[in-house]
Amino acid sequence: AKGNILIVDDNKSILSALEILLIPEFQTVTTLSDPNQIPSELRKKDYNLVILDMNFNAGINTGNEGIYWLGRIKETNPEISVVMITAYGDIELTVKALKMGATDFFLKPWDNNKLLATLRSALQLNWSKKEVSQLKEKEKGLKTELNREQKFIIGASPQLMQVLNMVRKVAKTDANVLITGENGTGKELIAHEIHRLSDRASEVMISVDMGAVSETLFESELFGHVKGAFTDARDNRPGKFEVADKGSLFLDEIGNLPYHLQAKLLAALQNRKISRVGSNQPIPIDIRLICATNKNLEQMVTEGTFREDLLYRVNTIQIEVPPLRERGNDILVLADFFLKKYASKYNKPGLKINQQAQDKLMKYTWPGNIRELQHTIEKAVILSEGNVLKAEDFFMRPVIQGRSNDSEMTLEEMEKRMINQAIDKNSGNLSAAAEQLGITRQTLYNKIKKIGQ
């Protein structure tokens, strides 16, 4: 496709000459002698380029009419390249047209080769503008889709309401937030809620699991790199800080960041600038920082494994997420949510949890918190044979009440402890725990049943 061009001039011979010249160069060439038809013509077709005469009334060479129509075109179709044409070399008028958004101009009579070169450049500019506009629309659409993902915070306990009240207070500020709490309590959900209620909600929240970032790729992952910065750097690549610009950056498990890398993170947060690996060019960043950890950072500072200045930087506001065992009836509310979710997923409609099973769920301490409850409900749904889930359908990790001294423990107590540790390490995921223990999932179920949980 060579593009579509509209020529507007009240001189019919000019229109004919330009039409003959430009037909081989463009996909369609349309001519108008009356500028009042411009708005309706632009609605009919997707034009890339307009050649617009400065003067339409014979003897009146102020150029005001051409300037007026230039303004109208740019108002409704800002991406269209407009090239002005006039018989008079009025520098002041030409400068005014260029300031108003005209791409270029030429004088009558024209040199064909020069005119064609001018129009090709104007056409290329239009294509570039359209590409940028499409990319911006695509980016906006992607951000909307990313932010549309449903992430529910479920429950109504006073402990949860206290947390959500704090979230509402801090969300509208740009204060750095540190979310603390045990594994599986929903710290990332709280981070998403802070972002959703913030003034940055239309932008993205980028999450980084600091425990999963290798030390060698830390700078590349967070700050990006330029092509050739290291062996595998085949292209320029922005880091998480750049991608999160104007939005929120969520650093999960920040307590896992090695001490010698903490200074680099601190420098980026203090200076609000980063440099890609392999480049000295500073790039300004505008992010809202949210961090999370299950570790005691104050204790780590005392032990010399976490920088005190970094703690102050990330911990403007601290939100402690309560463990599931302290949230009372929320256990059953969450259990019902996960039951409906997995009953739908595994096509087992109408499942209910009986009273004895509910009592068992309420009495259990849930060391793996919501994540463990989710795994527990999913497994019960998968293995269910009727419409009612009973207490024995729920497999929880065994509670060890043995002797603390390993040398005094029985074989059975040692087995209990190993099972407990494996389940704990795998956040309640029994399949992963069974794999770690070197037994089948069914064998693990049988052992848990035997223990009496």
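## A pair to start from

L178 stands opposite Q318 in strand 14. That's a handy way into this predicted model, since the two residues belong to a parallel pairing: strand 6, covering residues 177-180, runs alongside strand 14 with four bridges between them.

## The sheet around strand 6

Zoom out and strand 6 turns out to be part of an open sheet of five strands, ordered 7-10-13-6-14, with parallel pairing. The edges belong to strand 7 (205-209) and strand 14 (317-320), each of which pairs on one side only. Ignoring direction, neighbouring strands here are turned by 20 degrees against each other on average.

Helix 7, residues 187-196, lies across this sheet. Its list of strands takes in strand 6, strand 7, strand 10 (248-252), strand 13 (288-293) and strand 14, and the helix runs at about 150 degrees to strand 6.

## The other sheet

There's another open sheet of five strands, this one in the order 2-1-3-4-5 and again with parallel pairing. Strand 2 (28-32) and strand 5 (104-107) each have a single partner strand, so one side of each is left without a neighbour in the sheet. From one strand to the next, the twist averages 20 degrees.

Inside this sheet, strand 1 (residues 4-8) and strand 3 (residues 49-53) run parallel and are joined by four bridges. If you want a residue pair to click on, L6 has V50 in strand 3 as its bridge partner. Helix 1 (residues 12-22) packs on the sheet and touches strand 1, strand 2, strand 3 and strand 4 (81-86), with its direction at about 165 degrees to that of strand 1. Helix 3, residues 64-76, lies across strand 3 and strand 4, at about 160 degrees to strand 3.

## The largest pocket

Which helix gives the most residues to the lining of the largest pocket? It's helix 7, with five residues, and this is the helix that lies across strand 6 and its sheet partners. Helix 13 (330-345) and helix 15 (369-383) also supply at least two residues each.

The pocket has a volume of about 730 Å³. Its lining is made up of 27 residues, and the closest to the centre are G186, E188, L189, I370 and Q374. Sorted by class, the lining has eleven nonpolar, seven polar and nine charged residues.

Key:
Residues are numbered from 1 along each chain as its sequence is written. This is a predicted model: local features need pLDDT of at least 70, side-chain atom pairs count only at pLDDT 80 or more; totals for chains, interfaces and linings use all residues. Side-chain values use heavy atoms; hydrogens and water are left out. Two strands pair if DSSP finds at least two bridges between them. Axes are lines fitted to C-alpha atoms, for helices over the stretch in contact, and angles run from 0 to 180 degrees between N-to-C directions. Contact means heavy atoms within 4.5 Å. On a 1 Å grid over the protein atoms alone, a cavity is a set of points where a 1.4 Å probe fits but cannot get out, and a pocket is an open set with protein on both sides within 12 Å along at least five of seven lines; lining residues have an atom within 4 Å of a point. Grid points are joined across faces, edges and corners, and a volume is the space filled by probe spheres set on the points. Ala, Val, Leu, Ile, Met, Phe, Trp, Tyr, Cys and Pro count as nonpolar, Asp, Glu, Lys and Arg as charged, and the others, Gly among them, as polar.
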